[in-house]
Amino acid sequence: MLNEALSLQSNSNGNGNGKENPKRKSPSKNKKKKKRGGRKKKMTAEQLHALNSVKEWVFLDQPSPAIGDDFGVLKTQGRVGDNILFDLHSHSIRSDGFLSPFKVVERAHGNGVKVLALTDHDTMFGIPEALEAARKFSMKIIPGVEISTIFSPRGESESEEPVHVLAYYSSCGPTRCEELEKFLANIREGRYLRAKNMVLKLNNLKLPLKWEHVAKIAGNGVAPGRLHVARAMVEAGHVENLRQAFNRYLHDGGPAYSTGSEPQAEEAVKLICETGGVAVLAHPWALKNPVTIVRRLKDAGLHGIEVYRSDGKVAAYNDLADDYGLFKVGGSDYHGRGGQNESDLGSVNLPVLAVHDFLRVARPIWCNAIRNILESYIQEPSEINLEQINRFARNRNSKGPGCGKDFIDLCFSSWLTIEERQNPEFEAIKLKFSNIAINVPTIKTN
């Protein structure tokens with residue numbers, strides 16, 4: 001099951017619909033019947049090494065089992081221990097999704113997802129709720145955000161186009177979080193103006209729509225996006241469904257389309273890198289000039305590109321990633337709209353080698369971010385710096401005096417692998433925290 005769960009699914013019958021081909025001739029009676037599902041393909045040594053490495057990180061903050069393998073993973077877990085499913089692209093009601101962060105995590109768990117990145121548009125406000133839900137379901141959350149940007153070509157023959165960049169952060173979240181939040185807040189403010197302009201254009205097109213209707217759909221504190229406008233159009237009876245709203249009016253360059261105050265794509269990538277994040281180009285198949293964009297963003301620090309979708313690997317972008325030395329990932333881009341046109345959580349089965357390549361790039365970046373955040377507190381043990389450490393703590397129920405050693409031991413066991421903990425710089429940090437008495441949130445283990 002290992003390689004089947006961690007690689008793209010293939011149809012053993014070759015007809016692509018999962019059913020037996022009625023035109024295919026039955027095998028000779030003299031031949032042995034093949035077992036249902038075919039023989040499992042044995043994993044290579046490289047895949048086994050990658051799987052073990054991924055397992056160690058995924059199960060960092062799980063309880064130590066009484067009987068386990070070398071990485072502390074329960075042998076009795078069976079399918080759970082063998083099927084490590086990542087979904088690196090999802091949305092909640094904190095942006096333009098239909099479900100709360102808790103419900104997104106709950107659904108992902110029901111679909112077998114073990115590691116989920118919540119990547120709402122231009123906000124990380126849903127991460128704490130997602131982390132609480134993940135603790136209940138013994139899942140791992142990668143704090144993320146999908147940043148709305150604009151790419152401006154240098155040649156006169158090409159036009160500007162929107163580009164979305166995914167950012168993935170460590171369990172501590174971003175360094176310089178105030179700077180990142182200000183950056184995201186400016187984009188969200190622009191989303192309000194953009195949505196209002198769309199409503200104005202629709203009214204000019206004799207499709208009456210009230211701003212209050214769009215704002216109500218978005219919800220309190222949520223910057224409206226195109227999807228909220230589209231939902232209002234459906235409810236007002238102007239279109240039959242969301243797809244029709246986009247195809248007729250809201251698509252890029254459409255009659256009701258409008259831009260906001262999106263930053264330049266290179267600026268966003270650079271800020272992600274400067275704040276301890278991993279930068280990935282989202283859905284490149286939606287771009288008009290993907291080669292030019294990838295080349296420029298690679299120069300800015302881009303780490304990876306989405307290549308895998310629920311319907312398989314997109315060969316053209318796989319080659320593009322190889323050409324520019326980018327790792328390859330993918331996710332469902334789940335919003336909770338329902339219907340046949342939306343990929344469900346867990347529908348993109350990343351190969352174990354792809355997951356390993358992602359973590360191989362991400363882990364050093366995240367470790368460096370964690371180290372910087374911890375050292376900032378050691379240098380200035382303020383409430384603000386302590387809050388940065390605990391921004392995405394697994395449980396923040398109460399505060400009280402605590403031992404720095406116990407606190408840092410719990411942090412390290414949740415954030416770092418054994419090898420990472422043995423790094424001299426982290427050992428020095430642990431020693432310094434051991435001599436500090438601090439007021440810390442009560443953090444419960446699973």
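A salt bridge is a side-chain nitrogen of Lys or Arg within 4 Å of a carboxyl oxygen of Asp or Glu. Keep that handy for these exercises on a predicted model.

**Exercise 1.** Find out which residues are linked with R176 in a network of salt bridges.

*Solution.* Start at R176 and look for its acidic partners. The network links R176, E179 and E274. For the wider picture, the structure holds 15 salt bridges.

**Exercise 2.** Work out where the two partners of the R107 and D344 salt bridge sit in the chain.

*Solution.* First, check the pair: the closest N and O atoms of R107 and D344 are 3.0 Å apart, and the cut-off is 4 Å. Next, place the residues: R107 is in helix α4, while D344 is in the loop between β8 and α13. So this bridge links distant parts of the chain, 237 residues apart.

**Exercise 3.** Decide whether E420 and R363 are buried or exposed.

*Solution.* These two form a salt bridge, with their closest N and O atoms 2.5 Å apart. E420 belongs to helix α16 and R363 to helix α13. Now use the cut-off: buried means under 20% relative accessible area. E420 has 15% relative accessibility, so E420 counts as buried. R363 has 10%, so R363 is buried too.

**Exercise 4.** Do the same for E425 and R371: is each one buried or partly exposed?

*Solution.* Their side chains meet in a salt bridge at 3.3 Å, N to O. Because E425 lies in helix α17 and R371 in helix α13, the pair ties together parts that are 54 residues apart in sequence. At 41% relative accessibility, E425 is partly exposed, whereas R371, at 14%, is buried.

Technical notes. Residues are numbered from 1 along each chain as its sequence is written. This is a predicted model: local features need pLDDT of at least 70, side-chain atom pairs count only at pLDDT 80 or more; totals for chains, interfaces and linings use all residues. Side-chain values use heavy atoms; hydrogens and water are left out. Helices (H or I, at least four residues) and strands (E, at least two) are DSSP runs, numbered from the N terminus. Buried means under 20% relative accessible area, exposed over 50%, partly exposed in between (1.4 Å probe, protein chains only).
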